[in-house]
Amino acid sequence: MHELEIAQSLLRTISDWRDQNGAPKVLSARIEMGLLSGVDPDAMQYAWEAACEFACGGQMKDCKLLVDHLPLKYECPGCGREFESETLISACTFCGREYPRRKGGRELNLKSIEVE
Amino acid sequence: MCKDCGCGEHHHHGHGEGVHAHTGADGKVYYHSHEPAAREVPLEQAILAKNDNTAELNRAFLRGRGTRTFNLISSPGSGKTTLLTKTLEHLKAAGIPTAVIVGDQYGEIDADRMRSTGVPVTQVQVHDSCHLTAQQISAVLETAVPAGTKILFIENVGNLVCPVAFDLGEDEKIALLSTPEGEEKPLKYPGLFTAAKLVLLTKMDIADALGWNKALCIRNIRTTNPEAEILEVSSKTETGFEAWMEYLKHSVKQ
Ligand SMILES: Nc1nc2c(ncn2[C@@H]2O[C@H](COP(=O)(O)OP(=O)(O)OP(=O)(O)O)[C@@H](O)[C@H]2O)c(=O)[nH]1
Ligand SMILES: [Mg+2]
Ligand SMILES: [Zn+2]
Ligand SMILES: [Zn+2]
């Protein structure tokens, strides 16, 4: 359950930002994660709610976690096409060439927060 | 006029009235709410930025010392400690100064096994956590890695998922996959196998008895990571140790 640690890390960043910006209510936090980030989306939601419960003196309690799931990006050295895939693939969707080059997949980023 | 429902009323937006009802011109009752005006604040950054920054400092320290660092990750019981204990003996015989940091939830069992080789082994207690962090490595780095150390092995907590997200400052991750775990793990847990530079297939001595399908296992590794090096070893019989030692010696020269 390293999701809890990830949630706490996220909360720390947001809490620091609040402290420096007049402590507004934070309605939601938007993150993006790649398919290979090793984060379980359900566990992450659960961990987020648990972490928010008592954070910032209860001020974060109903803050929503919005997750953008990033697809994998591939570039095929055979046909030169760039394309996206929801799963790992071992051959190019277009020309069938084995092992197109994968780019990224491990993203785990905070994008933005929505505040009152 | 309220532009959402066209009800002709004047609302004060921005103080969170919550849901309220209107009767529209068509006679129907509409419910809607006027949420307070929200604004979006971009905060682009890696969620684990703090860990990543510490990992970079660890990496700089280790490279400054001329130490090559391997982060060993696998399921519990895949053979990390057994492999390392044997490997340390070989490296000692070859005159290559080596050090080990081992993360375990409780006790010093693994550390003591490896200390029998005379190599400096530092134990990090992670308690209930399922992985090491860059901060935990940073805290012991200076004493754990004596000057002149050529290779540092970090034995991560036995876990196939969580350690992958936490950069420790290593030069490369090594994934261990033991034959009793079957052939499908690379597809089920692609996070580790895509991140590893080397995949060590361990417990090769019992592969035949298990009916383990080597071609299928290698194909599954290739699907997740076409570029990974794959070596087959047994820590019982030391099959494959020559190639494994070559790999280590070569990476030290780089
Ligand atoms: N047959 C066989 N058994 C092995 C081999 N390597 C390890 N084992 C056995 O597998 C079991 C687990 O090995 P460990 O080296 O403790 O595994 P580990 O990955 O360090 O385990 P954790 O630290 O708990 O994650 C032990 O009973 C070892 O004797 C091998 O090459 N062949
Ligand atoms: Mg061990
Ligand atoms: Zn975990
Ligand atoms: Zn193609």
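Residues are called buried when their relative accessible area is under 20%, and exposed when it is over 50%. In the predicted model described here, helix α4 of chain B shows both classes. The face of α4(B) turned away from its buried side carries B:Ala139, B:Glu142 and B:Thr143, which are exposed. The buried residues of this helix, which spans residues 134–144, are B:Ala134, B:Ile137, B:Val140, B:Leu141 and B:Ala144. They lie on the same side of α4(B), because they cover an arc of only 145° around the axis. An α-helix has 3.6 residues a turn, so residues three or four places apart point the same way. The buried residues of α4(B) pack against four elements of chain B: α1 (49–64), β5 (98–104), β6 (121–125) and β7.

Chain B as a whole contains nine helices and 10 strands. Of its 254 residues, 52% count as buried. Contacts across long stretches of sequence are frequent: among contacts in chain B with a separation of 6 or more, 67% join residues 24 or more positions apart.

The magnesium ion (ligand 2) is bound by chain B. Its protein donors are B:Thr81 through OG1, B:Asp110 through OD and B:Glu155 through OE. These donors lie 2.0 to 2.1 Å from the ion. Their spacing in sequence is T-x28-D-x44-E. Distant parts of the chain are linked in this way: B:Thr81 belongs to helix α2 (residues 80–93) of chain B, and B:Glu155 to strand β7 (residues 151–155) of chain B, 74 residues apart. B:Thr81 has a relative accessible area of 4% and is therefore buried. B:Glu155 is also buried, at 3% relative accessibility.

Another buried residue of chain B is B:Thr69, in strand β4 (residues 68–73) of that chain. Its relative accessible area is 0%, so B:Thr69 counts as buried. Apart from neighbours within four places in sequence, B:Thr69 is in contact with B:Leu62, B:Leu152, B:Ile154, B:Glu170, B:Asp171 and B:Glu172.

Attention turns next to the nonpolar cores. In soluble globular proteins, nonpolar side chains tend to be buried together. The largest nonpolar core has 30 residues. Those touching the most other members are A:Leu10, A:Ile14, A:Met44, A:Trp48, A:Met60 and A:Ile113. At least two residues of this core come from each of α1 (3–20), β1 (26–34), α2 (41–52) and β6 (108–115) of chain A, and from β3 (39–46) of chain B. The helix α1(A) gives the most, with six residues. A:Met60 has contacts beyond its neighbours within four places in sequence; its partners are A:Leu11, A:Ile14, A:Arg18, A:Val26, A:Trp48, A:Cys52 and A:Ala55. A second core is separate and holds 26 residues, including B:Leu88, B:Ile151, B:Leu198 and B:Leu231.

In chain A, the loop between β4 (82–85) and β5 (101–103) holds A:Cys95. At 39% relative accessibility, A:Cys95 counts as partly exposed. Leaving aside neighbours within four places in sequence, A:Cys95 is in contact with two other cysteines, A:Cys76 and A:Cys79. A distance of 47 Å separates the C-alpha atoms of A:Cys95 and A:Val26, which are 69 residues apart along the chain.

The largest pocket has a volume of about 720 Å³. Its lining comprises 36 residues, and both chains are represented among those nearest the centre: A:Arg102, A:Arg106, B:Thr194, B:Ala195 and B:Ala196. At least two lining residues come from each of β5 of chain A and β8 (172–178), α6 (190–195) and α8 (214–224) of chain B.

Two residues stand out by their backbone angles. Most residues other than glycine have a negative phi. A:Ala23, in contrast, has a positive phi near 50°. A:Ala23 sits in the loop between α1 and β1 of chain A. With a relative accessible area of 39%, A:Ala23 is partly exposed. B:His127 is not a glycine either, yet its phi is positive, at about 55°. The loop between β6 and α4 of chain B contains B:His127. B:His127 counts as partly exposed, at 48% relative accessibility.

Technical notes
Residues numbered from 1 in each chain as written. Chains lettered and ligands numbered in written order. Predicted model: local features only at pLDDT ≥ 70, side-chain atom pairs only at ≥ 80, totals over all residues. Heavy atoms only, no water. Donors = N, O, S within 2.8 Å, 3.2 Å for Na, K, Ca; no water. Buried < 20%, exposed > 50% of the residue type's maximum accessible area, 1.4 Å probe, protein only. Arc of directions from axis to C-beta. Contact = heavy atoms within 4.5 Å. Core = buried A, V, L, I, M, F, W, Y, C linked by side-chain atoms within 4.5 Å. 1 Å grid on protein atoms, 1.4 Å probe; cavity = no way out; pocket = protein on both sides within 12 Å on 5 of 7 lines; lining within 4 Å. Points joined across faces, edges and corners; volume = space filled by probe spheres on them.
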